[in-house]
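Visitor: I would like to learn how to read a structure like this one, feature by feature. Could you take me through it slowly?

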Amino acid sequence: TTVATDTRAAGNLNNNYITSGEHILVKITDEGSRTLDYFYTAGDEGALAPKLGCVEAYYPSSGNVDIAAWYPWTTTDPFFVSDDQTADADYMASDLMFAMAEGKNRNSGEVPLEFYHKMAKLNVTVTPGSDLSDVTELRLKSVQRGVTANLLTGAVAALTIGDTYPADDIVMSTSNHGSVVFPPQELDGEFLEVTTDEGTAVFALDAPKEFKAGHEYTLEIQMTNMSVGAATVIEGWGDNGTLAVYINRSQYELYIDAIPDMPWSGSAILPQPDVTYNGEVLTLGTDYVLEYIDN
């Protein structure tokens, strides 16, 4: 083995080549169906060397071998992505990839390994409006985090959501382009939760959306707190989409609409802003009173 290539850019992690210092699992099966495991470490531009303390793989004196390789090197069956991918290490440990080279022998020489992503990837870019200053958390809602993985053939299938493997949330990074990787599956309903300094919004899919293995999906969101109500991703959203949405004000939050600058008229200025609590507009004189100073 010589080179480990990543076939799809993944933000700034595992981009073009597996990140230097990361490890992969190599499973070599001979014609007698005997399989041996080897562990390699990626170097510059994907060059591979035996992991520290591990032996290097050699061809048998005769016959062919099949070479299967997995990233991360700790891949097991079943495999689960992390439920918190805010740290780069947890994101990369969830970025399941597989490479296969069949029918190789001692005349084949060095074998390049092309890795293919087995997970789907979602990028979320949230741009706060002038009335929001910070996005504190991104959360992918109610997904299946696990897959079955045939470590010899590379076949991967999402586990069925149920009592044994319930749906779960995944907390996403807000720095690495809001990236998250998760098993390929169809999602519907509540989909994405965005928490800001002004409250939390939950976005829903208008129709079932299939997220495919090895595909990268991008959603750009412009947020403001000037509107109340559930926001939904537009129907027909494809691999890439742009969406202008509004954030829901926090539950149990008292909110007073901004009072704009008003010109001096020589008389008292008596603006009457809307006041809401728990999403409901309050009644002036019944729920609250207004007092004016220096108006």
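Visitor: Let us begin with salt bridges, then: which residue does R34 meet in a salt bridge?

Guide: Keep in mind throughout that we are looking at a predicted model. In this model the side chain of R34 meets that of D30 in a salt bridge, with 3.4 Å from N to O. It helps to ask next how far each partner is open to the surroundings: R34 is exposed, with a relative accessible area of 54%, whereas D30, at 24% relative accessibility, counts as partly exposed.

Visitor: How many salt bridges are found in the whole structure?

Guide: A search of the whole structure finds 9 of them. Another one to look at is the salt bridge between R139 and D169, whose closest N and O atoms are 3.8 Å apart. Because R139 lies in strand β10 and D169 in strand β13, this pair ties together parts that are 30 residues apart in sequence.

Visitor: Is D169 buried or exposed?

Guide: The cut-off for calling a residue buried is under 20% relative accessible area, and D169, with 18%, is therefore buried. K141 also forms a salt bridge with D169, and here the closest N and O atoms are 3.4 Å apart. Since K141 belongs to strand β10 and D169 to strand β13, the pair joins parts that are 28 residues apart in sequence. Both K141 and D169 are buried. Salt bridges that share partners then join E137, R139, K141, D169 and E193 into one network.

Visitor: What else does the side chain of D169 reach?

Guide: One way to read a residue is to list what lies around it, beginning with its place in the chain: D169 is found in strand β13, which covers residues 168–172. The side chain of D169 reaches the backbone nitrogen of S142 at 3.0 Å, and it makes a polar contact with the side chain of K141 at 3.4 Å. If we leave aside the neighbours within four places in sequence, the residues in contact with D169 are D83, R139, L140, K141, S142 and R145.

Visitor: In which sense do β10 and β13 pair?

Guide: Strands are read by their partners, and β10 and β13 pair in the antiparallel sense over 4 bridges; the bridge partner of R139 in β13 is V171. Strand β10, residues 135–143, also pairs with strand β15, residues 185–196, in the antiparallel sense over 5 bridges, and there the bridge partner of E137 is T195.

Visitor: What is the order of the strands in the open sheet of 3 strands?

Guide: To read a sheet, follow the strands from one side to the other: this open sheet has the order β6-β11-β12, with antiparallel pairing. The strands β6 (79–80) and β12 (156–158) stand at the edges, and because each has a single partner strand, one side of each is left without a neighbour in the sheet. Between β6 and strand β11, residues 146–149, there are 2 bridges: F79 stands opposite V147, while F80 has G146 as its bridge partner. The pairing of β11 with β12 runs over 3 bridges, and the partner of T148 in β12 is A157. In the hairpin of β11 and β12, which has 6 residues between the strands, G154 takes a positive phi near 85 degrees.

Visitor: Which residues touch the most other members in the largest nonpolar core?

Guide: In soluble globular proteins, nonpolar side chains tend to be buried together. Here the largest nonpolar core has 56 residues, and those that touch the most other members are I24, L113, F115, L140, F182, F191 and L192. The largest share of this core, 6 residues, comes from strand β5, residues 65–71.

Visitor: Which element has the lowest mean pLDDT, and which the highest?

Guide: Start with the whole chain, which averages a pLDDT of 79, with 80% of the residues scoring at least 70. Among the elements, strand β19, residues 240–244, has the lowest mean, 39, and β6 the highest, 96. Over residues 1–13 the pLDDT is below 50, and this stretch has 64 contacts in the model beyond near neighbours in sequence. The pLDDT is also below 50 over residues 226–252, a stretch with 83 such contacts. Where pLDDT is low, the predicted coordinates should not be read in detail.

Definitions and conventions
Residues numbered from 1 in each chain as written. Heavy atoms only, no water. Core = buried A, V, L, I, M, F, W, Y, C linked by side-chain atoms within 4.5 Å. Buried < 20%, exposed > 50% of the residue type's maximum accessible area, 1.4 Å probe, protein only. Polar contact = N/O pair within 3.5 Å; in protein donor to acceptor, adjacent residues only side chain to side chain. Contact = heavy atoms within 4.5 Å. Pairing = 2+ DSSP bridges. Salt bridge = Lys/Arg side-chain N within 4 Å of Asp/Glu carboxyl O. pLDDT = per-residue confidence, 0-100.
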